[in-house]
Amino acid sequence: MAKMKTGFPKDFLWGGATAANQIEGAYNEDGKGLSTADMVRFIPKSERNPGEHALDVTKKQINKILAGNVEEARFPKREGIDFYHHYKEDIALFAEMGFKTFRLSIAWSRIFPNGDDATPNEAGLAFYDQVFDECLKYGIEPLVTLSHYETPLHLTLKYNGWSDRRVIEFFTNYAETVFRRYKDKVKYWLTFNEINIIAISPYTGGGVLVEDAKNRLELCYQAAHHQFVASALATKLAHEIIPDAKVGCMLARMTTYPATNNPDDILKAQHLNQMNLFFTDVQARGEYPSYMDRYFTENNISIQKESGDDEILKEHTVDFISFSYYMSLSTSANPTGKQTGGNFMGGVKNEYLETSDWGWQIDPKGLRYTLNDFYSRYELPLFIVENGLGAYDKVTADGKIHDDYRIDYLRKHIEQMKEAIKDGVDLIGYTSWGPIDLISASTSEMSKRYGFIYVDKDDDGKGTLKRSKKRFLRLV
Ligand code: BG6
């Protein structure tokens, strides 16, 4: 019997995580094409309809935007925090914090402006060469997501995004291009960020417009099937081109508790957890789980597979599982009481938990539970690639930001990660979300800050973009 592990392994990958569309800016520079993220408008809290996701853009809205008919609209993801021109300064600050890894995504539309182009855009490839070189200069291992909430817009307009099978080939061509180009610089790859989001917000997860769909769910799960096949083919290519590559899937883990011990609540929680873990089940076990048969039948969903798809999924499963974890959710078969918000999905209020400024429940012990649950299900290495606290920060008269609440959130989650390691979980890394303040994915706000580094920019897009250290960074 092996001895109990007592702490983090020496080669543990500590770092921070970002996405191109939330940091880079320069949305139309050096040959970049438009992406779905460039169409996402900032919507102030007062204008948001509860339940309506700010990210769900329609064809009508896109046409209006492209025709220039949108008054006073601002598109914060087009500007990000201008990482495109500040990456050296930003990576130097990450190095100062002792980062061992930096998670970033490649903007597909920087490499293939339309997505289906015959040749890549050299200026886009050169940009990421410089970014990776800068990381490696400090001994920071890049962890790269191929697709993080930005499909080239042309693929949405011409093919309706991932609902069309032809997009698999465009994606594998893009993946092969970047694997060949960066094979000596990047070893850790993730295929699709939070792949399960395609079933919740199909525009965000896969550039799919659903307003004309006869069966919205069927369209979403068909698009998910295409992403599964594309992810498996990309995994195959990575292993062929980069012999020591490690490829992971990425899930927005929505760990859901039953609100009470009423068996109806327990069954509902089990169902929601299955709907969430379906995605990692396919990518880690290489086949569709039997519990989906009933769901598909009852929702009139028929997935069109081509011959060979099942074999591709089976033969090219992932090397590790990565996931985001911000909060836990609770569910009830008869929801009556208070509701809470959450990352793409809310739930009923858990009276034992506090919530963030955005109503997300804070549950460090839920992270330990989640890690154990994942590991006993798959027995594959785990990587937490997003976790953090979105909060309002105040700059005090002395020019400082005293974000003790964020330090507290992170400390408590890290303590529980250590407990999970003691429980026997093979945890290989942790990248906290938004080590530098960035544009929020769900709301496009700048005021929802996660960073260790403050960026002087507000929700109206005003500010100097000056970077300054918050409390955590001043402690290091
Ligand atoms: C995850 C996404 O869903 O949560 C990130 O992968 C996102 O892109 C993060 O930023 C936090 O969500 P938000 O809406 O607070 O930015």
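## Two positive phi angles in one loop

A26 is buried, at a relative accessible area of 9%. This is a predicted model, and A26 sits in the loop that links α1 (20–23) to α2 (59–66). Its backbone stands out: phi of A26 is near 45 degrees, a positive value although the residue is not glycine.

D30 belongs to the loop between α1 and α2 as well. Phi of D30 is near 50 degrees, again positive in a residue other than glycine. How exposed is D30? D30 is partly exposed, with a relative accessible area of 43%. A26, by contrast, counts as buried because its 9% falls under the 20% cut-off.

## A bent helix

Helix α4 covers residues 83–96. Where does α4 bend? The bend is at E89, by about 40 degrees.

Several α4 residues are buried: F83, Y84, H86, Y87, D90, I91, L93 and F94. An α-helix has 3.6 residues a turn, so residues three or four places apart point the same way. Buried positions such as F83, H86, Y87 and D90 can be traced along α4 with that spacing in mind. After α4 comes G98, with a positive phi near 85 degrees.

## The annotated active site

UniProt, in an unreviewed entry, places the feature "active site" at E386. E386 lies in strand β13, which runs over residues 382–386. Is E386 buried or exposed? E386 counts as buried, because its relative accessibility is 4% and the cut-off is 20%.

The contacts of E386 come from many parts of the sequence. Leaving aside neighbours within four places, E386 is in contact with A17, R103, H148, N193, E194 and M250. F323, S324, Y325, Y326, T431 and W433 are also in contact with E386.

## Around the ligand

How many residues surround the ligand? There are 16, and the closest are Q22, E194, A441, S442 and Y450. E194 appears among the contacts of E386 too.

Three side chains place polar atoms by ligand oxygens. For K448, a polar side-chain atom lies 2.7 Å from an oxygen atom of the ligand. For H148, a polar side-chain atom is 2.8 Å from a ligand oxygen. For Y326, an N or O atom of the side chain is 3.4 Å from an oxygen atom of the ligand. H148 and Y326 are also in contact with E386.

## Cysteines without a bond

How many disulfides does the structure hold? The number is 0. C220 is in no disulfide, and its nearest cysteine sulfur, that of C249, is 20 Å away. A disulfide needs two cysteine sulfur atoms within 2.5 Å, so a pair 20 Å apart does not qualify.

C249 is likewise in no disulfide, with the sulfur of C220 as its nearest, 20 Å away. Both cysteines are buried. C220 has 1% relative accessibility, and C249 has a relative accessible area of 0%.

## Q416 in helix α15

Q416 is part of helix α15, residues 404–422. At 11% relative accessibility, Q416 counts as buried.

What does Q416 touch beyond four places in sequence? Its partners are P364, K365 and R368. L371 is 45 residues from Q416 along the chain, and the two C-alpha atoms are separated by 9.5 Å.

Definitions and conventions
Residues are numbered from 1 along each chain as its sequence is written. This is a predicted model: local features need pLDDT of at least 70, side-chain atom pairs count only at pLDDT 80 or more; totals for chains, interfaces and linings use all residues. Side-chain values use heavy atoms; hydrogens and water are left out. The bend at a residue is the angle between axes fitted to the seven residues ending there and the seven starting there. Helices (H or I, at least four residues) and strands (E, at least two) are DSSP runs, numbered from the N terminus. Buried means under 20% relative accessible area, exposed over 50%, partly exposed in between (1.4 Å probe, protein chains only). UniProt positions are given in the numbering used here, feature names are shortened, and annotations may be inferred rather than shown by experiment. Contact means heavy atoms within 4.5 Å. A residue is near a molecule or strand if one of its heavy atoms lies within 4 Å of it. A polar contact is a pair of N or O atoms within 3.5 Å; within protein, one must be able to donate a hydrogen and the other to accept it, and residues adjacent in sequence count only if both atoms are side-chain atoms.
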